[in-house]
Amino acid sequence: MTTAQPTVPDGMRADVELAQRGRSEMQFLQAMRAGLRPVQARLRTRLEEGSALSSGTEDIARLRAEVDEELAQDADPGLIGAALRWNRSVLTPRAIDAFDERAEDLTPKATAPAAGDITDRGDEAVPRYWRYEFHGTTGGWDGHEHMGFIHHELVYRYLLVPSFPGDIFGQRAAVARLAPRQDYADICDLGCGTGQFTMKLAQTYPEARITGVDLSTSELRYAQRRAAEAGLEWDLHRAPAEDTGLPSEGFDLVASFILLHEMPPHAIRGVFAEALRLLRPGGDLVFSDVAPYRLRSPYQAWYDDWDAENGHEPWWRTAATIDLAEVAREAGFTDVRQEALGKESYPWVTLARKPEQERE
Ligand SMILES: C[S@@+](CC[C@H](N)C(=O)[O-])C[C@H]1O[C@@H](n2cnc3c(N)ncnc32)[C@H](O)[C@@H]1O
């Protein structure tokens, strides 16, 4: 008996075939998440009918405490939390097993065309916080030589695309289009990963020279492969986004998509300072990240925060509560504005400009 493959979303390979067991395990994990949805909906209704959400989203610690108290006798949050934690803890190992089972066929599809083409700032530049096992991924972003491929073609295809409430790829394209000019010559994508947002920038600004920066070798290698297959050449650079080592004033647009919520506050400030250094006078910044709690509904803010805690997202609360407009102004940017592109204020985009004349 064969199991149906999921529809292949745009930007993913159609020719990734998993062995039956690998495919079934990935589909089981996806089905488990789908199965939790009615329980989550039940919990939401109960909370919205009660009084715990009435304290609002301004003080997330208080909201969490009040909801936790209301839910103290309720089995659903325990069930959802345990199921999600287990799901996330086995997700990457199962995806790695699925890859390894077909390694002979998949390695050629995962391997970058020219291994030497990624410049590297060196291991000593890697910050300690980046080595944390994000999202419960065993071994972190580089936990397997082909983690970029595994992440992009297996985890995204089987788990994130089907469970995420929105069009992951369309959102990146919409953020790319939001940059105020049409004629960028040099664009830098910080925290580019496997190049999902980079690809949208390249498609939106086909004349621009594109640089992608990330700390993960395996994500960059797969970005390199994807660019080459699309007939594109990107300059890829392994370095921290807050200290890239790239030349000053080399870009007229510096952008990022869901990088900031992976970082502690000093690193977020560092990224804005680095973006200012990288930009030419008059250049633009476009950073898109998680929605601020204050703009979410009380239920959604509570759920985001609770889910981040259960999902190994140690810096989510920081990113959802920090005032990025203020951070941008403090770094020296002007014309700072923010825009919510989708439902419940996600994607949340901060735009700013480097002054023509740098301040004294
Ligand atoms: C959630 S992924 C987003 C990738 C990509 N921007 C996208 O649109 O899918 C976050 C990426 O940020 C990278 N990252 C995290 N901290 C970083 C840092 N300090 N400097 C550079 N990259 C970093 C991770 O390695 C990962 O590839």
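Eight strands make up an open sheet of mixed pairing, ordered 1-4-3-2-5-6-8-7; strands here are DSSP runs of E with at least two residues, helices are runs of H or I with at least four, both numbered from the N terminus, and two strands pair if DSSP finds at least two bridges between them. Strand 1 (118-120) and strand 7 (334-340) lie at the edges with a single partner strand each, so one side of each has no neighbour in the sheet. On average, neighbouring strands are turned by 20° against each other, direction ignored (axes are lines fitted to C-alpha atoms, for helices over the stretch in contact, and angles run from 0 to 180 degrees between N-to-C directions). The model is predicted: local features need pLDDT of at least 70 and side-chain atom pairs pLDDT 80 or more, while totals for chains, interfaces and linings use all residues. Residues are numbered from 1 along each chain as its sequence is written, and side-chain values use heavy atoms, leaving out hydrogens and water.

At one edge, strand 1 runs parallel to strand 4 (residues 235-238), joined by three bridges, and Thr119 has His237 as its bridge partner. Helix 7 (residues 196-204) packs on the sheet, touching strand 2 (186-190), strand 3 (209-214) and strand 5 (251-257), where contact means heavy atoms within 4.5 Å. The direction of helix 7 makes about 140° with that of strand 5.

Turning to strand 5, seven of its seven residues are buried, so this strand is largely enclosed by the rest of the structure (buried means under 20% relative accessible area, exposed over 50%, partly exposed in between, with a 1.4 Å probe and protein chains only). Strand 5 is joined in parallel to strand 2 by four bridges, with Val254 opposite Cys188, and to strand 6 (residues 279-289) by six.
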